[in-house]
Each structure stands twice: as C-alpha cells, then as structure tokens.
Amino acid sequence: MRIVIADDEQWVRTALKEMLLEADSGTEIVGEALNGSHMAKLAEEEQPDVVFVDIRMPEMNGLEGIASARDKSPETIWVILSGYSDFQYAQEAIRLGVQEYLLKPVSPEKLRETLLNVQKLKFARKTNRNTDFRNWLISSFYMEGQDEKSGDFRKLQMMGMLLYFDTWVEPEERERYQERVTKLLEKRAVELEQYGNVYCAYFMPQQQKMILATGIGTGVGKERKEDIEEWFESLQKEFFKVSDKHCTLMGIYTKWCDSVTEMVDCMNREEWVEYCRIMAAPDRIWYFEELGKNRKSIQPCKVRMCERLMHIAKGMHEGSYLHFIDCVVKAEKEWVSCQAQTNATEYANMKHYLAVITGINRFMTKDEFRSMEMGKVLAFIRENARQVLARGKAGQKEEDVIKLAEDYILGHFGEDISVSQVALQLSLTPNYLSALFHKKTGTTFVKYLTRVRMREAEKLLQSTKLPVWRIAEKTGFSDTRYFTKIFKDYYGILPSEYGNRI
C-alpha cells in the first residue's frame, strides 16, 4: 500500500512511519509533507492509496489540502490523524469524503485496524469502479452517444488492444484458450493498481476476439503512461506463450487516445485491419497505426486473397462441407492471380494463417508444410475437406490418430499395406504418420506391422495344420522365402520347425 504522511512535526511523521511499516510489511511511504499545499502536490504526483493528514499545519491546513487534492487524486483514501475532536472539523471531514478520523495518540492496534479497513474499502471501490468502467466500455462500443453521458470516465485517456484468437479447434477447446487468457488478465490486471487512478476491463464481442482497454485519469503523468505501455508489451509476451500450433493469439494495440470514442473508432477499422494482420508477422507487437500505414498501397488481389482466407476460417467454424469447399476453391483461383505479386514475408504469413485456421499441420510434418507451395496446400485442404472439417469439430488428439492407425493395421495386416496406404485412409502424409507413430509408440510403422504379422503367424502355427506358404499368405507375405527369413529372425527358428515342435 502506497502512503503519504502529512504532519508539520518531524517526530510525529517518524513515529507514524515506523508504526505503519510495522503494522503492514507491504506498506511503502512514498512521501512526507509539512503542510496542506505540499501534501496536495505529493498526492497529485504519487497518486497514493492513502494519505494520513494532520489538520493543523502552517500555510494550508489538512482539510484545505484535501479539498485541493481530492479531484486530482480521486482514488486516494483520506485519513485524519489529529489531536482535536472539534465537531466542526469532523463535519468538514465528512463533507470532503474523509474515510477515517483518528485522534492522537493512536495505538498500533487502532492503526492496524484502520489499514485493514482502508484495504477493504479500496478493494470494494476498485471492483465497483472497474465493473462500471467495463459496462461503460461495452456501451461505448455498441451505443452511440455514451461517451457524452459517461461522467468521470469521459475524462479518461484510453489505450486498448484487440486480441484475435486464430484457431481451427472446436468451440469447447477454444474456450479453454480463452479461459487461460482471462485468468492471465485477472492476475496481471492487479499490477495496474500500483499506478493509482488506472482502470482496466475486457470483454469478448465475438467468439474469435477480445477487447482489452485501460483508462487513466487526471494526475497520471507521462512516466505512468510508459509504465502501462510496458505492461501491455509484457502482456503480449505472455500471450505468445499461450499460443501454440493449434491457436495463435495476435494482439493489435491503439496508441493513447484522448477519449473512448477515438479508441472505438480506431478499433472499428475492421475491414482493413483484418487483411493487414493476415499478412503481418504474428509473433510481434503491432499497433493499428503501424498496420494501416501501407494499406492503401496493398494490391487489390492481396486484399481479395486475404478475404478468401477469412472466408475459409468462417467456413471451418460453420462446418458446412459445401460452403467450405466453395471457399477453398475460390481461394485457389484467387491465388493464381495473387501469387506473383506477393512478397516472401506476406506469403509466409498468409500460409501461417491458413495453417492455424485449418489445422493443416495435423496432417503433415513441419518440413512438408514448409516446402509445400500455397496452391498445393489449398488443394490438399480441398481434397481432404471432410477430414479437415471433422477434425476441426472433434479436436482429435495424436493418441487418437495412432489408435486409428493401429486399428487399421490389425484389420488389414493380411493385405499388402504400407504406411502410405494407412496415411491415405487417415488423410495424413506418410512422413507425418511415420514420425507421429514413432513418437507415440517408440517403434517404427514397419516394425509394428511386422510384430503384428509374426504374432498372427505364431497363432496359426499353434492352432492349425496350414502349410507355411498359406500362413505366409494369410499374414500379408506374398513371398514364402521372405516370410521364413523374417520369422526366423523374429523367433530364432524356422516356421516348419516351430510347427513340428508343437
């Protein structure tokens, strides 16, 4: 808790400081004042949580100092600490909104009780004000004229962020990402309290977006603005940690705005923001102003291509097969005319966006995706649209993919199957399935298939009188000599000898 002490007697200030520090280890004395004028200046500069004020001080008394400072430090809690219980003083203190009136000498117990009451009051006040701020913020986005009727909030300077959730996963999984972000914001928003008259709120106007805004009141100087900007930047780094191959969080920030209307206008540049951000690197901090600098110079074909990609994202979430196919086909056609005019950075960022909104990286390795040209990626999505849409809804895990592969092997090991054939059945690339299979099972696809075939061959030798060539045929081997070699390598004995031994 940040505290200012105002008393013209040095020994009183020293004694009170020692008592406060002993009463609460989280206390920070941010200033000491000798009179009401000095106290008012300190309150404006420091925006303290609480000020302990003596009434009788030279030049300007404590009550006059409170009257001068309260509008400039509206979140400060005022506590009178006086040797006089004059009724007139008490009346004036109530009128000025003083929360506590303590008589000297004050005991350590009474001081601790006062600090506890101050903390409760501050928490309740902050909660209510942030709730009011959030409601006002929402109404400012959806109801014209709210900025003119907002009372104290109308005086705030605003800085905001539009946070995009780009993902292919089903709504339940997407909500888990949003919950992680919400918990992160709840935790980090507490840090803003140290800056005094600062408000913070966030809400989700759509499933794929979140709006976060801070407002600062009078008395918060340039240094505090820079602190809040750093807070935003550190927050974005936390968002990068939440991002993964299934979901990319991309935040776009406003500069400081003189009103909520200016901030809302900035964020509502929806059309150009959407296509500019698709061509922008997702792993850095962007400002609306920065994104919009070159938007007029972007060729129309790139704008149309970004719109096609946005339609694919929408089709992915709607889940309609025919609509999704139509969106992909139109994107393929648009890419033919757009490809030559797209530079390497724009190309890489468009491709990344396409991967995140469709989950294409579930079907192939990173190297395969990296080397695959955009047109071929779109063709792969079109050819496997049903699987892409189904996985998008089910959010199938890697373990589930391996289970499907194992089930397919168990049902078809007697046929001439390969990793390519199984990958085709699962709408995966062979390299991706091979890498995933080894990662999850600890063995290669071929070794797993061989093990299944050998165990089946052993069962047939134990339970039937079938000739070796017939058992080889039933377990997927067209060459009996090759089957015999593999069996001996596996069991250390020929199939014919194994049967005779039984």
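1. Helix H13 (344-358) contributes 7 residues to the lining of the largest pocket, the largest share from any element. The model is a predicted one, and the pocket described here is therefore a computed feature of that model.

2. Besides H13, strand S9, helix H14 (366-371) and helix H19 (430-441) each supply at least two residues of this lining. In total, 26 residues line the largest pocket, and its volume is about 690 Å³.

3. Which residues lie nearest the centre of the largest pocket? They are Lys 245, His 352, Asn 361, Lys 366 and Phe 369. By residue numbering, His 352 falls within H13 (344-358) and Lys 366 and Phe 369 within H14 (366-371).

4. In chemical character, the lining of the largest pocket is mixed: 12 of its residues are nonpolar, 6 are polar and 8 are charged.

5. Strand S9 (residues 247-253), one of the elements that line the pocket, is also paired with strand S6. The two strands run antiparallel and are joined by 7 bridges. Within this pairing, Met 161 stands opposite Tyr 253 in S9.

6. S6 has a further antiparallel partner in strand S8 (residues 209-216), to which 8 bridges join it. Here Met 161 stands opposite Leu 212 in S8. Met 161 of S6 thus faces Leu 212 in S8 and Tyr 253 in S9.

7. Is strand S6 (residues 157-167) largely enclosed or largely open? Of its 11 residues, 10 are buried, that is, under 20% relative accessible area; S6 is therefore largely enclosed by the rest of the structure.

Terms used:
Residues are numbered from 1 along each chain as its sequence is written. This is a predicted model: local features need pLDDT of at least 70, side-chain atom pairs count only at pLDDT 80 or more; totals for chains, interfaces and linings use all residues. Side-chain values use heavy atoms; hydrogens and water are left out. Buried means under 20% relative accessible area, exposed over 50%, partly exposed in between (1.4 Å probe, protein chains only). Helices (H or I, at least four residues) and strands (E, at least two) are DSSP runs, numbered from the N terminus. Two strands pair if DSSP finds at least two bridges between them. On a 1 Å grid over the protein atoms alone, a cavity is a set of points where a 1.4 Å probe fits but cannot get out, and a pocket is an open set with protein on both sides within 12 Å along at least five of seven lines; lining residues have an atom within 4 Å of a point. Grid points are joined across faces, edges and corners, and a volume is the space filled by probe spheres set on the points. Ala, Val, Leu, Ile, Met, Phe, Trp, Tyr, Cys and Pro count as nonpolar, Asp, Glu, Lys and Arg as charged, and the others, Gly among them, as polar.
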